[in-house]
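Open the model in a viewer and keep a selection prompt at hand. The stops below say what to select and what is there.

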Amino acid sequence: MSGSPAPSRSLLALAAFGLAFTLGGCVGGPARAPVTTAGSGTGTAATAAAAATDLPTSAPPAPSGSSAPGPSPLAPQTSTTTSPLTIFYVALNDKGQSGPMIGCGDSIVATETPPVIYASQVEAAMSDLITDRDARHGQSGLVNTLSDANLEFVSSSVDGDTVTVELAGELSSGGVCDDPRIVAQLRYTAMVAAGTGEAKVLINGIEVNKYLSQK
């Protein structure tokens, strides 16, 4: 009406803002939280919003046919070796012709086994010797003075050029000449297996010479 005063510009602007707010609230879902960017302008805000929308919400699935790695072994696998073992026996009254001479004019002689699989050469050689129940070895004439022994291997260690072998059980000797034969068989077999120049053999914690002297 011509008599009504014209609305002020500020009221018109406020009404337009209210209409725009109402229409915005009726269209689409709830408004996103504002994205803080280093720049300004609608292009930067739109890019940041699109990037936020494209972010994955979970880890991508593993490719088909793949499997997760199994658990690590609790202990490293023990490596093994296959080779013959050197075992020593006695040649009676040989006077050092077939090997180093020991007490009572006998010789200590090296023999070789067929290939054996082992983790410790000292343990394998000593176990082969002390479990051999043959008193004589065929036509060779070699004597095994440990054929009646009731021994088992306990442990071995090397310190410099000396190997120490610990055995447990019972060991008997046939007399004064048998003592050096027993000691030589044990010591030489241990030295060659360990690759040392000396060997110390303990029976139940007692050095073998002393152990035999108590029998």
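Which residue does a disulfide join to C104? Select C104 and C177: a disulfide joins the two, with an S to S distance of 1.9 Å. This is a predicted model, and the count of disulfides in it comes to one. Look along the S-S bond of C104 and C177 and the link is left-handed, with -85° about that bond. The link connects distant parts of the chain, since C104 sits in the loop between β2 and β3 while C177 sits in the loop between β8 and α4, 73 residues apart. Colour by accessibility next. C104 is partly exposed at a relative accessible area of 36%, and C177 is partly exposed at 29%.

**Stop: D178**

Move from C177 to D178, which is placed in helix α4. Is D178 buried or exposed? Its relative accessible area is 18%, so D178 is buried, the cut-off for buried being under 20%. Show what surrounds the residue: leaving aside neighbours within four places in sequence, D178 is in contact with T145 and S173. The side chain of D178 also makes a polar contact with the side chain of R181, at 3.0 Å. That pair counts as a salt bridge too, with the closest N and O atoms 3.0 Å apart. D178 and R181 are three residues apart in helix α4, so about one helical turn separates them. An α-helix has 3.6 residues a turn, so residues three or four places apart point the same way.

**Stop: R181 and D106**

Keep R181 selected and add D106. D106 forms a salt bridge with R181, and the closest N and O atoms are 2.5 Å apart. D106 lies in the loop between β2 and β3 (107-112) and R181 in helix α4, so the pair ties together parts that are 75 residues apart in sequence. Both D106 and R181 are buried; for R181 the relative accessible area is 14%.

**Stop: E198 and R187**

How many salt bridges does the structure hold? There are three. To see one of these, select E198 and R187, whose side chains meet in a salt bridge at 3.4 Å, N to O. E198 belongs to strand β9 and R187 to helix α4, so this pair ties together parts that are eleven residues apart in sequence. E198 is partly exposed, with a relative accessible area of 40%. R187 counts as partly exposed, at 21% relative accessibility. Now bring back the earlier selection: salt bridges that share partners join D106, D178 and R181 into one network.

**Stop: helix α4 from end to end**

Select the whole of α4 and draw a distance between its end C-alpha atoms. That distance is 24 Å, which agrees with the 24 Å that 17 residues should span at 1.5 Å a residue. Which residues of α4 are buried? They are D178, R181, I182, V183, A184, Q185, L186, T189, A190, M191 and A193. Just after α4, check the backbone of G195, which takes a positive phi of about 75°.

**Stop: T196**

Continue to T196, in the loop between α4 and β9. T196 counts as buried, at 12% relative accessibility. A polar atom of the T196 side chain lies 2.9 Å from the backbone oxygen of E198. Expand the selection by contacts: not counting residues up to four places away in sequence, T196 touches V158, D161, T162, V163 and M191.

**Stop: the nonpolar cores**

Which residues have the most contacts inside the largest nonpolar core? Select M126, V165, L167, L171, L186, I203 and V208; the core has 33 residues in total. To see what supplies this core, show β2 (86-91), α3 (121-130), β7 (150-159), β8 (162-170), α4 (178-194), β9 (198-203) and α5 (208-213), each of which gives at least two residues.

Centre on L171 for a closer view. Not counting residues up to four places away in sequence, L171 touches L146, A149, L151, I182, I203, V208, Y211, L212 and K215. Apart from the largest core lies another, of five residues, and F88, V90, I102 and I108 are among them. Select those four to end the tour.

Notes:
Residues numbered from 1 in each chain as written. Predicted model: local features only at pLDDT ≥ 70, side-chain atom pairs only at ≥ 80, totals over all residues. Heavy atoms only, no water. Core = buried A, V, L, I, M, F, W, Y, C linked by side-chain atoms within 4.5 Å. Buried < 20%, exposed > 50% of the residue type's maximum accessible area, 1.4 Å probe, protein only. Helix = DSSP H or I, 4+ residues; strand = E, 2+ residues; numbered from the N terminus. Contact = heavy atoms within 4.5 Å. Expected span 1.5 Å × (residues − 1). Salt bridge = Lys/Arg side-chain N within 4 Å of Asp/Glu carboxyl O. Disulfide = S-S within 2.5 Å. Polar contact = N/O pair within 3.5 Å; in protein donor to acceptor, adjacent residues only side chain to side chain.
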